[in-house]
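Dear colleague,

Please find below the structure that I am handing over to you. A description of what was found in it follows directly after.

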Amino acid sequence: MASVPSLASTLQQQLADALTAALPDAGAADPLLRRSDRADFQANGILALAKKLKGNPRELASQVTAAIPAGELIKEIEVSGPGFLNVTLTDRAILTTLAARAADAEGRLGVPTDADAGTTVIDYAQPNVAKEMHVGHLRSAVIGDAMVRILEFTGESVVRRHHIGDWGTQFGMLIQYLVEHPDQLGHDTVGTDAESAGEAAMSSLNRLYKASRALFDSDEEFKARARDRVVALQAGDPETLAMWQRFVDESKVYFYSVFDKLDMEISDPDIVGESGYNDMLEETCRILEETGVAVRSEGALCVFFEDVKGPDGNQVPLIVKKTNGGYGYAATDLSAIRDRVQNLKANTLLYVVDARQSLHFKMVFETARRAGWLSEDVTAHQLAFGTVLGKDGKPFKTREGVTVRLEDLLDEAVSRATAVVREKAEKVGLSEEEIVENGRYVGVGAVKYADLSTSAVRDYKFDLDQMVSLNGDTSVYLQYAYARIRSILRKAGDAKPVAHPELELAPAERALGLHLDRFGETLDEAAAGYEPHKLAAYLYQLASHLTTFYDQCQVLSDDNAPEVVENRLFLVELTARTLHTGMELLGIRTPERL
């Protein structure tokens, strides 16, 4: 089905045509349309035109209103203040547009796909091999997953990349210990679920890491053997690589179990860690040096920037290759850019990475531009995110001052949420199986929404009591709004959701209808600016409009004419579909009964 133009875009076009007709000397003019609390919309563009044409803005505004043809879109238009146009739409236009959205057979609510969409590679959810995931891994995973969903919905071709930390000197220590203690890694996973297998994998890895670290710190001979093993790993020794692969495979079992708890799908082909670019590193350095982008400085291969200086006033370089011949993170990141642009044919690279790495990526992106790998047609962006804080406003840690394990955080959220669901379970008639399932959906949804409802670059406080609250800007509030509508639709009996454009709408119905029509433009904003919090804010406002609607407009009432019941069922059913679609794009489930 063809996309459905929003009321705002239809009105924008009508006003633009009227401006051209009434004021031909102005040329193509923008009405500067915006939402208004004085009417449905306000157009402010005539003020700028009046200066250009040296005319009276109110008189010009009157000429424009006279040029607007009669039709079913505009109910009232008045000149206000120095020359603003306050526009109120007809109820028929609102309901007709919403009916077209509801009739979209593709389930997209009339939201168009971008005809000019390209390919975006999103780098997100980047845990480290042989290390536990902690609260610091939460934001990249949650924000990245939401952006994947939003961009794909708008028509973008998205390639996921999980740039895991799977290479480095620590593997010499781990592999050498495993060579000397071959029975220390591995566990029986037969008949176990993903969560149990993941816990067993991490337990095995933790045990081995602690034992190898203790030996490395106390035994000089073992330390020497471990360093030799690093050389063997980097040289591609088959036995050493096979041992290294065991660590990677064991870690993936663990990663998958944690991402499963987060209700996120991670595919093996999307995991391309640091090691995936090893074969490109030397060529990347050669190209940078031959083109003069990088220069030798004290034996290291470096890139310098006029605007990046240290406290002493000297330029701080991006080190691509170290003095000892080892490669820095920059070499890997630059090789990844080459691969993503040249092999994956990406138009856009999006990195969902901690704001504390902003300087590094600024330098990497500028280096890639100088080398010609990035350009006006191929761009890179960092979607920088802030820190997860505790209630005390400090980085979130346990009482013992240890960084919180991600699976412990999720388990606690699900436990709290299950208690909230259980309180209302008897009234709704939920089975124990439904209580457990909904508890997981509500708990994980609460964690995701708390993150996504905050502008990514800001820090936010992790407060589980607030996150699972039924009141306020929480996912639980939105999930209950959806479940309440589903309950109303089940109780409706023979009455069906049907739009009746001939009806006059109550104020709460108009407000709900106008907000429903903004879904597409909100998605456009969220996608264009990489700002999932704008979608979260839209959904919270939608649920708030729904609450006001319930207070002022009974849906199932014997006092209502049948067409009023049908029309109100139509409005709430479209609200449910919009909530469901929006929450799904944030990676959050909406239970049918709650």
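H500 is buried, because its relative accessible area is 14%, and the cut-off for buried is under 20%. In this predicted model, H500 sits in the loop that runs between α16 (475-491) and α17 (507-516). The side chain of H500 takes part in a polar contact with the side chain of E502, at 2.9 Å. A polar contact also links the side chain of H500 to the side chain of E566, at 2.7 Å. If neighbours within four places in sequence are set aside, the residues in contact with H500 are L95, E563, E566 and N567.

A second buried residue is N438, with a relative accessibility of 4%. N438 belongs to helix α14. Leaving out neighbours within four places in sequence, N438 is in contact with V421, L430, P591, R593 and L594.

Helix α14 (residues 432-452) also packs against helix α5 (residues 138-153). The angle between these two helices is about 85°, and their axes are 10 Å apart. Angles of 65 to 115 degrees count as roughly perpendicular, and α5 and α14 are therefore roughly perpendicular to each other. On the α5 side, the residues that meet α14 are L138, R139, V142, I143, D145 and A146. Their partners in α14 are V447, K448, D451 and L452. Sorted by class, this contact of α5 with α14 comprises six nonpolar and four charged residues, with no polar ones.

Turning to the interior, the largest nonpolar core contains 154 residues. F247, F462 and F549 have the most contacts inside this core. For F462, not counting residues up to four places away in sequence, the residues touched are L138, V388, L389, K391, F396, L409, V447 and M467. L138 and V447 were also named above, in the contact of α5 with α14. Apart from the largest core lies another one, of 32 residues, including F305, V308, V353 and A380.

Two residues deserve a note on their backbone. Most residues other than glycine have a negative phi. L109, however, has a positive phi, near 60°. L109 is located in the loop between α4 (91-102) and β5 (119-123), and counts as buried at 3% relative accessibility. D263 likewise has a positive phi near 60°. The loop that holds D263 lies between α9 (238-261) and α10 (281-290). D263 counts as buried at 18% relative accessibility, since the cut-off is under 20%.

Another loop residue is A29, placed between α1 (7-22) and β1 (33-35). Is A29 buried or exposed? At 16% relative accessibility, A29 counts as buried. With neighbours within four places in sequence left aside, A29 is in contact with A16, L19 and L49. A29 and T10 are 19 residues apart along the chain, and 15 Å separates their C-alpha atoms.

Finally, some values for the chain as a whole. The protein chain has 594 residues, of which 52% are buried. There are 20 helices and 13 strands in the chain. Along the principal axes, the C-alpha atoms fill a box of roughly 90 × 65 × 45 Å. Of the contacts between residues at least 6 apart in sequence, 73% join residues at least 24 apart.

With kind regards

Methods. Residues numbered from 1 in each chain as written. Predicted model: local features only at pLDDT ≥ 70, side-chain atom pairs only at ≥ 80, totals over all residues. Heavy atoms only, no water. Core = buried A, V, L, I, M, F, W, Y, C linked by side-chain atoms within 4.5 Å. Buried < 20%, exposed > 50% of the residue type's maximum accessible area, 1.4 Å probe, protein only. Contact = heavy atoms within 4.5 Å. Axes fitted to C-alpha atoms, helices over the stretch in contact; angles between N-to-C directions. Helix = DSSP H or I, 4+ residues; strand = E, 2+ residues; numbered from the N terminus. Parallel < 35°, antiparallel > 145°, perpendicular 65-115°, else oblique. Nonpolar A, V, L, I, M, F, W, Y, C, P; charged D, E, K, R; others polar. Polar contact = N/O pair within 3.5 Å; in protein donor to acceptor, adjacent residues only side chain to side chain.
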